[in-house]
Amino acid sequence: MEMEKNYRINSLFEFYRPLLTNKQDSYIQLYYADDYSLGEISEEFNVSRQAVYDNIRRTEVILEKYEEQLHLYSDFVKRNDQTDAIRNYVKDNYPNDDKLNQLVDDLEITEEK
């Protein structure tokens, strides 16, 4: 469960990072991406562990609200699933169609950007 939450928060962070304040950005980056403890972050910013904890929890709620309203992450997941389904279909039914395979490759590259 905790690993799933970490993955989700990191994913939401990637999409909505530009909408966060500098402090929110720094705390989430350090806590989720860089695996700092609350104590390490509190020392880094010279604030209490409770202040760090509260900021991180509020930021998690903010990220979830952004996703609820904008759906950037869930839409990305859907597009990736569709691209995978197309890739598998082409592989199974048209393995020698170079043009079709190139189009699917291009689709995947475009989505990664």
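**Close-up 1. Asn-46 sits in the loop between helix 3 and helix 4 (49-70).** This view, like those that follow, comes from a predicted model. Have a look at the backbone here: phi of Asn-46 is near 55°, a positive value in a residue that is not glycine. Most residues other than glycine have a negative phi, which makes this a good spot to pause at. With 71% relative accessibility, Asn-46 counts as exposed.

**Close-up 2. Ser-42 belongs to helix 3, which runs over residues 38-45.** Is Ser-42 buried or exposed? Its relative accessible area is 8%, and the cut-off for buried is under 20%, so Ser-42 is buried. Setting aside neighbours within four places in sequence, Ser-42 is in contact with Val-47, Ser-48, Arg-49 and Val-52. One of these partners, Val-52, is itself among the buried residues of helix 4.

**Close-up 3. Helix 4 has 22 residues and spans 31 Å from its first C-alpha to its last.** That reach is close to the 32 Å expected at 1.5 Å a residue. Which residues of helix 4 are buried? They are Val-52, Asn-55, Ile-56, Thr-59, Glu-60, Leu-63 and Glu-67. These residues cover an arc of only 140° around the axis, and therefore lie on the same side of helix 4. The pattern has a familiar background: an α-helix has 3.6 residues a turn, so residues three or four places apart point the same way. On the other side of helix 4, Arg-58, Lys-65, Glu-68 and Gln-69 are exposed. What do the buried residues of helix 4 pack against? Their partners are helix 1 (2-16), helix 2 (22-33), helix 3 and helix 5.

**Close-up 4. His-71 follows helix 4 and is found in the loop between helix 4 and helix 5.** Here is another backbone angle to check: phi of His-71 is near 60°, again a positive value in a residue other than glycine. His-71 has a relative accessibility of 38% and counts as partly exposed. Among the residues that touch His-71 is Tyr-16, the subject of the next view.

**Close-up 5. Tyr-16, in helix 1, meets Glu-67 through a polar contact between their side chains.** How far apart are Tyr-16 and Glu-67 in sequence and in space? They are 51 residues apart in sequence and 8.2 Å apart in space, C-alpha to C-alpha. The polar contact joining their side chains is 2.5 Å, and Glu-67 is one of the buried residues of helix 4. The side chain of Tyr-16 also reaches the backbone nitrogen of Leu-72, at 3.0 Å. Not counting residues up to four places away in sequence, Tyr-16 touches Leu-63, Tyr-66, Glu-67, Leu-70, His-71, Leu-72 and Tyr-73. At 0% relative accessibility, Tyr-16 counts as buried.

**Close-up 6. Arg-87, in helix 5 (residues 72-93), is joined to Glu-108 by a polar contact between side chains.** Where should you set your distance label? The contact between the side chains of Arg-87 and Glu-108 is 3.3 Å. Is Arg-87 buried or exposed? The relative accessibility of Arg-87 is 18%, and buried means under 20%, so this arginine counts as buried. Leaving aside neighbours within four places in sequence, Arg-87 is in contact with Asn-101, Val-104, Asp-105 and Glu-108.

Conventions:
Residues are numbered from 1 along each chain as its sequence is written. This is a predicted model: local features need pLDDT of at least 70, side-chain atom pairs count only at pLDDT 80 or more; totals for chains, interfaces and linings use all residues. Side-chain values use heavy atoms; hydrogens and water are left out. Helices (H or I, at least four residues) and strands (E, at least two) are DSSP runs, numbered from the N terminus. Buried means under 20% relative accessible area, exposed over 50%, partly exposed in between (1.4 Å probe, protein chains only). A polar contact is a pair of N or O atoms within 3.5 Å; within protein, one must be able to donate a hydrogen and the other to accept it, and residues adjacent in sequence count only if both atoms are side-chain atoms. Contact means heavy atoms within 4.5 Å. The expected span of a helix is 1.5 Å times one less than its number of residues. The arc is that of the directions from the helix axis to the C-beta atoms.
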